[in-house]
Structure formats: structure tokens, C-alpha cells
Amino acid sequence: MDPLWYKDAVIYQAHVRSFFDSTGDGIGDFPGLTARLDYVQDLGITCLWLLPFFPSPLKDDGYDIADYLNVHASYGTLEQVKAFIRAAHDRQIRVLFELVVNHTSDQHPWFQRARHAPPGSLERAFYVWSDTDTRFPETRIIFSDTEESNWAWDPVAQQFYWHRFFSHQPDLNHDNPAVVDAVIEVMRFWLDLGVDGLRLDAVPYLCVRDGTSNENLPETHAVLKRMRRELDRTFSHRMLLAEANQRPADVRAYFGDGDECHMAFHFPLMPRMFMALRQEDRHAITEILNRTADIPDTCQWALFLRNHDELTLEMMTDDERDYMYRTYAADPQMRLNHGIRRRLAPLVDNNRREIELLNALLCSLPGTPIIYYGDEIGMGDNIYLGDRNGVRTPMQWSAGKNGGFSHAEPGELFAPVISDPVYGYHAINVEAQERSPLSLLHWTRRLIALRQRHKVFGRGSLELLYPSNRKVLAYLRRDADETVLIVANLSNSVQPAEIDLKGCAGLVPVEMHGRTRFPRIGSTPYVLTLGPYACYWFELLQGPADQVA
Ligand code: NOJ
């Protein structure tokens, strides 16, 4: 088994609650997810990432954990989780679970114990307490639509406790080694069950220090390095994925010298892909890629277009954020905190060409692509559901009752199925797209299959090219065996591209989907004509010696 498997992976992000309900209670569950693994496998997915499924009051959809070592009763039993892991592994699909390291639910026994324990005791020190709510004034508020302070008063403890997210999610005190020990025990529990990777939620905020923003502190990195050491001591072929929504240089730090996380989400890139598309100008993408430092050989970026959260604009300038709101979230109902709560298809007004272009970039830029469940069929969202629930609605399997998700009465479902005329389950569903060879589902499958035939996408270097037409984004991906040229038209009109490929003179571009040979590259700029939002992938091959340029 290759220890760097995550470099060649295609990850699918799913929510047990939303995927498939096997019991008819209106809530997705592990047996349901297991029953649908064939679908995931057919899509070409090699790693399945699940949102938190642990016992929880579900006030933050499970990111408020009340017991790390069990399963929420609505989703199944531990035995069923084990069966799911086995079934995924039987299909060569690895599994990635959540390790919510930064905070727990206020219902977690650690917090209940802490609030009753005397101040200064080890138990109390599992969380961060203060007699005032004025400490750490430099720290920003993340859930700005809900919270006014990062401190909340606990009447039992008679002190304030620190929380970076909702006030029902007290932050663990990672400056207390007993906390780190306890989290490592949780990590071991799941890794012992065969879990291949852990997504470390909200890692920048683990430790706190007066006079700082309390983000990305050296002490936090020291905690992560300790977790990595523990992992490496006992387990092999496992992976840690950092969720650090930070600026490029700060995200880079979560790889350490290859001794922290194996992967980290490329948060800075994601919104800029959407920005470049609307601006019909590659600059936002090339600029952020140029600002992305090299990472250690054993590390990998995790790339994504959409996920279960709002499309975050936190790390953009005010002007950039305004632009994104104006173009992608004209209706204030679409906005949440510092972001946009919409799915991929509605963001681009259901324009199939734009969906394909973004996915073609996702699958060809350096990193491992993550596809958010439902986006492979172009599911819509429901911006009226509150918080981020509108992008977590039931998977649309068919045009049948509840979109084929559940046999329950529609009112019993944990959330209504999307049912509007454009994105509703009558129009958008797996069954219909299976039958239609030109569907987005089939197209996505072909794209993934193509990517998976070429290791260069997961492993190769990146060289940005700068054709004079800025509506065109072009780059080379290269490893010892292959060179691939990607050329994308970010605009809605036909565009010419004159690309300087002198370094590849003599090679023959072969379009990778249709295997069509293009004219040999010479010493003059290579000329291509690109249809609206076209994205071409070419393998550059040594052509037969007699072929005319
Ligand atoms: C990041 C998760 O992606 C988000 O869904 C959650 O609300 C916060 N962390 C708090 O756990």
C-alpha cells in the first residue's frame, strides 16, 4: 500500500444524515450509506469523508460533540459504523472521519465535570475560563451573525468560558497536556477501528495567549506535532487533514516540515476560482497560486469548490468580498456570517459549462479534489432553511417519494427535499442522470476516471503560463513520466489563446478526452481557439518523427 495514497485520491464529502435513510424515520443512517457505496464507487471516489455523526445535541449539526466514542442514535450503532468501514474498504474506498479537536458541546461530560470542579483544578482546566469577558480583545468573532462575544457566562462555574464558535461549543484548553492526551485517545479509538484519515476541525484556534489573535500560535503547532508523532508511532498509512481557514502563509504552516498535517484545505484558492470566473480574468487564480508556497513532498493540498459550510470570504479583502456578494449573493438571504450559503449549481445559475469548467480546474490543479455530495448531479439549495442547512438537504436519488431518500412522510424528514422546478428532485436526481449519457453525473464520472489514469494530476509540478489574453488560464502539470497542458477559457465568449510553449517544442498535444492529436508544438506561440468556458486537457507526447507541425 502506498503511504502517500491521499495524493492520488478523489474525495467525496457526504453527510450520513442526508445520504440515504434505510429505516424510514426521515433521517439518513449508516446502513443507508453503506447500501449506497456502490454509487460512490461507480463515481470513481477513493475516499469518503463523513461529517460528524457522534452523539450530539445537533445544534451545530454534530460539530457540537457530546461523546467522541459513539454514534448518534439516529444514525445507527457502532457495529454499523464498523460494517460501513469494512464495506468501504472492500471497495477500495478509504474513510475520513472528523476529529473536532478545538471544542466540544456544552453537554460533553468533560464540560459538565469542568463547570462543577473547583477553579484551578485539572478538571476545570479542560476548558478556558476567566472572571471577565474582556480578555483576548484582539480575537475576531467567527460566527458573527449569531455571537457577540467569544466569552459566555456559566452560572454553575460562576466564570466565563471561551468559545470561538457557538456559545454552546466551549473551546478545549490545549495548553493543558491532559486535554491533548484525551484527544489523542479519541484519535486512537477511531484509527484502531480502521479509519484512514481524520479531518482536524478548526485547528488554528487550539491554544490561546494574551495579546495575540489566538490563531496559528506556535503552541498550537506544537500540539499538532505531538498528535502527529503519536499517530506515526502506532499507525501507518493514515492521514491528517487540517481545516485552517487562513491566509496562504498561515495555512502552509500546518504542514510543518512534513511533521504536522499531511493535507490542508486550500481555503485561499477556492473563492478566487469563483471570482476569476465572474471577472473573466485569470489574475485572481494565478495571484493566489503564486502566493502559495511549496509544501513538503509528503504533503498535499485538499481542493474544493463547495462544502457543507458557507462559501467563506473571510480571507478576502473588503473589496473582493463586496464583489463576491454582489455577483454571487445579490439576495441577502444567501449570505451568512462572512460568506455565501449556496451550492455549486445555483452559484453559477445552473450553467452546465461553468460547472464543468470549475470541476475541470478542481481536478487538474495541484492537490486532491473533494466533491461535495449532490454537486455531481447539480443539486440546488434552500436558502430559507437557516444556518447552513440549505446546503445539507437530502440526496436526490430519484423522482419518487422524497426524492428516493426515505420512505418517511415528507413532514418527518430531517429537512425538506429540494422541490423547486429547476433543482427539485423531479428534475435533478441520480436515477434520471444514470439513464442519460450526457448528464452531469456521467460527465463527472468520465472526468474523475480520466484524472485517475494520470498520476501527474495528484503528484506533478505546476507551471503557470501567461498567454496575452487574460481570459485564458493555462498551466502545465509535469512529473518524470508525463506533461499535461491545461487551457481554460474563463469567459462566456469564444477566445483565442496564443501560448508560449517553446519549452515543449516538438511535442504533440493530444486532447485527453477524445484522444485527438493536435498540430505539433513549434517555436512560435501555440494558437488555440476556445469555446465559452471551455477547458481542454492535453497530454504532450513525443509524436512520430515524420509528423508535420
Ligand atoms: C468548521 C466546520 O466546517 C463547521 O461546519 C463548524 O460549524 C465549525 N467548524 C465549528 O465546529
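Reply: Let's start with a term: a polar contact is a pair of N or O atoms within 3.5 Å. Keep in mind that this model is predicted.

Me: Thanks! How far is an oxygen atom of the ligand from an N or O atom in the side chain of histidine 308?

Reply: Look for the distance first, then hold it against the cut-off. For histidine 308, a side-chain N or O atom is 2.8 Å from a ligand oxygen. Aspartate 60 has such an atom 2.7 Å from an oxygen of the ligand, and for a polar side-chain atom of aspartate 201 the distance to a ligand oxygen is 2.9 Å.

Me: Once the ligand is in place, what share of its exposed area does the protein bury?

Reply: Begin with the ligand taken alone, which exposes 290 Å²; the protein buries 98% of that. As for location, the ligand sits in the largest cavity.

Me: Which residues surround the ligand, and how do they divide by character?

Reply: Read the shell as a list, then sort it. Among the surrounding residues are Tyr63, His103, Phe143, Phe165, Arg199, Glu243, Asp309, Arg388 and Arg392. The shell divides into seven charged, three nonpolar and two polar residues.

Me: And the whole chain: what does its secondary structure come to?

Reply: It has 16 helices and 22 strands. The radius of gyration is 24 Å, close to the 24 Å from the globule rule for 549 residues, so the chain is as compact as a globular protein of that length. Along its principal axes, the C-alpha trace spans about 85 × 55 × 50 Å.

Key: Residues are numbered from 1 along each chain as its sequence is written. This is a predicted model: local features need pLDDT of at least 70, side-chain atom pairs count only at pLDDT 80 or more; totals for chains, interfaces and linings use all residues. Side-chain values use heavy atoms; hydrogens and water are left out. A residue is near a molecule or strand if one of its heavy atoms lies within 4 Å of it. A polar contact is a pair of N or O atoms within 3.5 Å; within protein, one must be able to donate a hydrogen and the other to accept it, and residues adjacent in sequence count only if both atoms are side-chain atoms. Accessible areas come from the Shrake-Rupley method with a 1.4 Å probe; for residues, only the protein chains shown count as cover. On a 1 Å grid over the protein atoms alone, a cavity is a set of points where a 1.4 Å probe fits but cannot get out, and a pocket is an open set with protein on both sides within 12 Å along at least five of seven lines; lining residues have an atom within 4 Å of a point. A molecule sits in a cavity or pocket if more than half of its atoms lie within 2 Å of its grid points. Ala, Val, Leu, Ile, Met, Phe, Trp, Tyr, Cys and Pro count as nonpolar, Asp, Glu, Lys and Arg as charged, and the others, Gly among them, as polar. Helices (H or I, at least four residues) and strands (E, at least two) are DSSP runs, numbered from the N terminus. The radius of gyration is taken over C-alpha atoms; the globule rule is 2.2 Å times the number of residues to the power 0.38.
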